[in-house]
Amino acid sequence: MSQQDSFLSSQDEEAVVNAIKEAETNTSGEIRVHIEAHTDEDHYEHALKVFAELKMHKTELRNGVLFYVAVNDHKFVILGDQGINDKVTDDFWDNTKEMMQDYFRKGNFKQGLVDGILKAGHELKTHFPYEADDIDELSNEISKSS
Ligand code: CA
Ligand code: CA
């Protein structure tokens, strides 16, 4: 079994998807998770490409947030679109990342992602409250590549 397969069990994946759904009931913002084994590129640069490939810059309010994980590289990146980055404090993503890292170091990847997603959702809610006519602009399913 590759590290990628053991990163999240199917139950864990369900918990992550549910966290995305829960976060998105409070905000018009859109959250996605992308998991892959490894990249030769700089992780931040690569996450930018994934963000574009997933068409995450296409949200109306530019309020998409990507949680990108390279499992075998032990790296992850949180990437917010321009709309949200204009609003959050400079250290918001760093704080979120640190909180997640504490879980990741203990091997609790599910809880790290779930808490990171809910924290992002809470912040999104402040700046981009949920509207009754909200559209689920980006899939809540986990995106993967090997
Ligand atoms: Ca939405
Ligand atoms: Ca969504």
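Two residues are in contact here when they have heavy atoms within 4.5 Å of each other. Keep that cut-off in mind as you move through this predicted model.

**Stop 1: the core, starting from Ile117**

Select Ile117 and show its surroundings. Setting aside the neighbours within four places in sequence, Ile117 is in contact with Val16, Ala19, Ile20, Ala23, Ile31, Val33 and Phe67. Now widen the selection to the largest nonpolar core, which has 29 residues. Which of its residues touch the most other members? They are Val16, Ile31, Val33, Phe67, Leu113 and Ile117. Colour by secondary structure, and you can trace where the core comes from: helix 2 (10–24), strand 1, strand 2 (64–70), strand 3 (75–80), helix 5 (92–105) and helix 6 each supply at least two residues.

There is also a second, separate core, made of 11 residues. Leu54, Leu66, Ala70 and Leu138 are among them. Hold on to Leu138, since that residue returns at the next stop.

**Stop 2: the calcium ion (ligand 2)**

Select ligand 2 and display its protein donors. Glu24 appears twice through OE atoms, and Glu30 also gives an OE atom. Asp136 adds an OD atom, Leu138 its O, and Asn140 its OD1. These donors lie 2.2 to 2.7 Å from the calcium ion. If you check the geometry, the angles among the 6 donor atoms run from 52 to 171 degrees, and the site is irregular. Along the chain the donors follow the spacing E-x5-E-x105-D-x1-L-x1-N.

Look at where two of these donors sit. Glu30 belongs to strand 1 (residues 30–36), whereas Asp136 is in the loop between helix 6 (109–127) and strand 4 (143–145). The pair is 106 residues apart and links distant parts of the chain. Are these two residues buried or exposed? Glu30 counts as buried because its relative accessibility is 1%, while Asp136 is partly exposed, with a relative accessible area of 43%.

**Stop 3: across the bridge to the calcium ion (ligand 1)**

Keep Glu30 selected and add ligand 1. Glu30 bridges the calcium ion (ligand 1) and the calcium ion (ligand 2), which lie 5.6 Å apart. Which residues coordinate the calcium ion (ligand 1)? Glu30 does so through OE, Asp134 through two OD entries, and Ile135 through O, at 2.2 to 2.9 Å. The spacing of these donor residues in sequence is E-x103-D-I. Turn on a surface to see how they are placed: Asp134 is partly exposed at 24% relative accessible area, and Ile135 is exposed at 60%.

For a sense of scale, select Ser9 along with Ile135. Ser9 sits in the loop between helix 1 (3–7) and helix 2, and is partly exposed with a relative accessible area of 34%. Ser9 and Ile135 are 126 residues apart in sequence, and their C-alpha atoms are 29 Å apart in space.

**Stop 4: salt bridges**

Side chains of opposite charge can pair when their charged atoms come close. The count for this model is 4 salt bridges, and three pairs make good stops.

- Begin with Lys144 and Glu13, whose side chains meet at 2.6 Å, N to O. Lys144 is in strand 4 and Glu13 in helix 2, so this pair ties together parts 131 residues apart in sequence. Lys144 is partly exposed at 47% relative accessibility, and Glu13 is partly exposed at 21%.
- Next, select Glu41 and Lys49, where the closest N and O atoms are 2.3 Å apart. Glu41 is partly exposed, with a relative accessible area of 31%, and Lys49 is partly exposed with 42%.
- Then go to Asp102 and Arg105, which meet at 3.3 Å, N to O. They are 3 residues apart in helix 5, so about one helical turn separates them. Asp102 is partly exposed at 41% relative accessibility, whereas Arg105 is exposed with a relative accessible area of 63%.

**Stop 5: helix 3**

Finish by selecting helix 3 (residues 43–53) and its buried residues: His43, His46, Ala47, Val50 and Phe51. Rotate until you look down the helix axis. The buried residues fall within an arc of 150 degrees, so they line one face of the helix. What lies over them? Their cover includes strand 1, strand 2 and strand 3.

Conventions
Residues are numbered from 1 along each chain as its sequence is written. Chains are lettered from A and ligands numbered from 1 in the order in which they are written. This is a predicted model: local features need pLDDT of at least 70, side-chain atom pairs count only at pLDDT 80 or more; totals for chains, interfaces and linings use all residues. Side-chain values use heavy atoms; hydrogens and water are left out. Donors are N, O and S atoms within 2.8 Å of the metal (3.2 Å for Na, K and Ca); water is not among the atoms, so sites may look incomplete. Four donors count as tetrahedral if all angles lie between 85 and 135 degrees; four count as square planar and six as octahedral if opposite donors are over 155 degrees apart and all others between 65 and 115; anything else is irregular. Helices (H or I, at least four residues) and strands (E, at least two) are DSSP runs, numbered from the N terminus. Buried means under 20% relative accessible area, exposed over 50%, partly exposed in between (1.4 Å probe, protein chains only). A nonpolar core is a set of buried Ala, Val, Leu, Ile, Met, Phe, Trp, Tyr and Cys residues joined through side-chain atoms within 4.5 Å. The arc is that of the directions from the helix axis to the C-beta atoms.
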